[in-house]
Amino acid sequence: MSTIDEFPMAAKMAAEQPEGVPDCIAFPQRFSRGTRLALLAGGLVAGAAGGLALKGAADPGALWIVVGLAAVAGGLLSTWSPCGWSSISLLRQTGRGTRAVAGFLPTFAMHGLGYALGAVILGTLLGALGGIAGFTGFATTLGLGVLAAIGLLYGAHQLDLLRLPYPQRRAQVPHDARQRFPKWVVGGLYGLSLGLDYLTYVQTPLLYMMTAAAILTGNIPEAIGIIALFNLGRFLPVAVNLLPLTDYRIQSWLGRNQERAAIADGAILTMLGAAFAVLALA
């Protein structure tokens, strides 16, 4: 079975000491400061226009759709965190062909169940915390203001234009587990640890926005729903192992697009922040 150690970028990320994991990956060699400032400005304009559209929307569920899509996007972008690289590489099918895919399905299913359980646990805690604090939803002026601040500030952070604190548990899933347990058990353990979202390092501040949104709901089922959508985005990339692609092709594609992922992250956060700011001020 191929491992992450075969790929220089992934191996470097996996081998980093906890304090060495970078908070933001944006490389001026490809994206100059001028380009990143232009992306920031474009995100502000697009987000403001989106906020005005949401303000005029007759459907009150439109805001929930935006938050839901942002949650899934955040989960997908977390693939470029060290654990995203690791999970795709370590939870691979053994061999090729239909039999190999069938043998991988229990691992894939257990990985998904682990994410689901993590969403229930974390969502319950966040929803309960919001309920105790008296929050009644993120569609209030306070709630939208909080989400706007997270989006605008951490959008600039991801675009490498501003340095902000990025508190995370700078750890990865335990790689030695694959030598101590069957692969399907490892899939479940990895899914649960990643599905709790704060047990390992996640390299997208969209996690903070979704955490805040979940707390602001003050409602356990809604909070679980937000975290479940984020976890869905985290889980889906592992499905690439069902395809007849080599580990090298997958990891090299991730490496080539890592900078673009960080830039996209910043642009999404900026657009969301601007949209929520317009709604909060409306």
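Where is Asp160 found? In this predicted model, Asp160 is found in the loop between helix H6 (141-158) and H7. This residue is a useful place to enter the structure, and the account returns to it below after a view of the whole.

The protein has 11 helices and 0 strands. Read from the N terminus, its elements run α-α-α-α-α-α-α-α-α-α-α. Of the 282 residues in the protein, 50% are buried. The paragraphs that follow take up the helices, the loops that join some of them, and the pairs of residues that come together from separate parts of the sequence.

Consider first the packing of two helices. Helix H5 covers residues 98-133 and helix H8 covers residues 206-217; their axes are 6 Å apart and the angle between them is about 50 degrees. Because of that angle, H5 is oblique to H8. The crossing in which H5 passes H8 is right-handed.

Helix H4 (residues 82-90) offers a view of the interior. H4 is mostly covered, with 9 of its 9 residues buried. Among them are Cys83, Trp85 and Ile88, together with the glycine Gly84 and the serines Ser86, Ser87 and Ser89. In an α-helix there are 3.6 residues a turn, so residues three or four places apart point the same way. Pro82 is also one of the buried residues of H4, as is Leu90. Leu90, found in helix H4, has a relative accessible area of 3% and is therefore buried, the cut-off being under 20%. From Leu90 to Lys183 the C-alpha distance is 9.0 Å, although the two residues are 93 apart in sequence.

Other pairs also bring separate parts of the chain together. Ile150 lies in helix H6 and has a relative accessible area of 15%, so this residue too is buried. Its partner in space is Pro205: the two are 55 residues apart in sequence, and their C-alpha atoms are 8.2 Å apart. A third pair spans 229 residues of sequence: Ala46 and Ala275, which are 8.1 Å apart from C-alpha to C-alpha. Ala46 belongs to helix H2 (residues 33-56). With a relative accessible area of 38%, Ala46 is partly exposed.

The charged side chains come next. How many salt bridges does the structure hold? There are 2 salt bridges. One of them joins the side chains of Arg163 and Asp160, with a distance of 3.5 Å from N to O. Asp160 has 29% relative accessibility and therefore counts as partly exposed. The backbone of Asp160 is also of note, since most residues other than glycine have a negative phi, a rule that holds in general. Phi of Asp160, by contrast, is near 60 degrees, a positive value in a residue other than glycine.

The other salt bridge is formed by Asp197 and Arg234, whose closest N and O atoms are 3.2 Å apart. Asp197 lies in the loop between helix H7 (183-195) and H8, whereas Arg234 lies in helix H9; the pair therefore ties together parts that are 37 residues apart in sequence. Are these two residues buried or exposed? Both Asp197 and Arg234 are buried. For Asp197 the relative accessibility is 0%, which is why this residue counts as buried. Asp197 also has a positive phi, near 70 degrees, in a residue other than glycine. Thus Asp197, in the loop between H7 and H8, combines a positive phi with a salt bridge to Arg234.

Helix H9 leads from this buried pair to the surface. H9 comprises residues 220-235, and Leu229 has its place there. Leu229 has 32% relative accessibility and so counts as partly exposed. Together with Leu76, Leu232 and Leu236, Leu229 makes a nonpolar surface patch of about 290 Å². Helix H9 therefore holds both Arg234, a partner in the salt bridge to the loop between H7 and H8, and Leu229, a partly exposed residue of the helix.

How values were computed
Residues numbered from 1 in each chain as written. Predicted model: local features only at pLDDT ≥ 70, side-chain atom pairs only at ≥ 80, totals over all residues. Heavy atoms only, no water. Patch = residues over 30% accessible without salt bridge, like charges linked within 9 Å, V, L, I, M, F, W, Y side chains within 5 Å. Areas by Shrake-Rupley, 256 points an atom, 1.4 Å probe, with all protein chains shown as cover. Salt bridge = Lys/Arg side-chain N within 4 Å of Asp/Glu carboxyl O. Helix = DSSP H or I, 4+ residues; strand = E, 2+ residues; numbered from the N terminus. Buried < 20%, exposed > 50% of the residue type's maximum accessible area, 1.4 Å probe, protein only. Axes fitted to C-alpha atoms, helices over the stretch in contact; angles between N-to-C directions. Parallel < 35°, antiparallel > 145°, perpendicular 65-115°, else oblique. Left-handed = near helix turned anticlockwise from the far one by under 90°.
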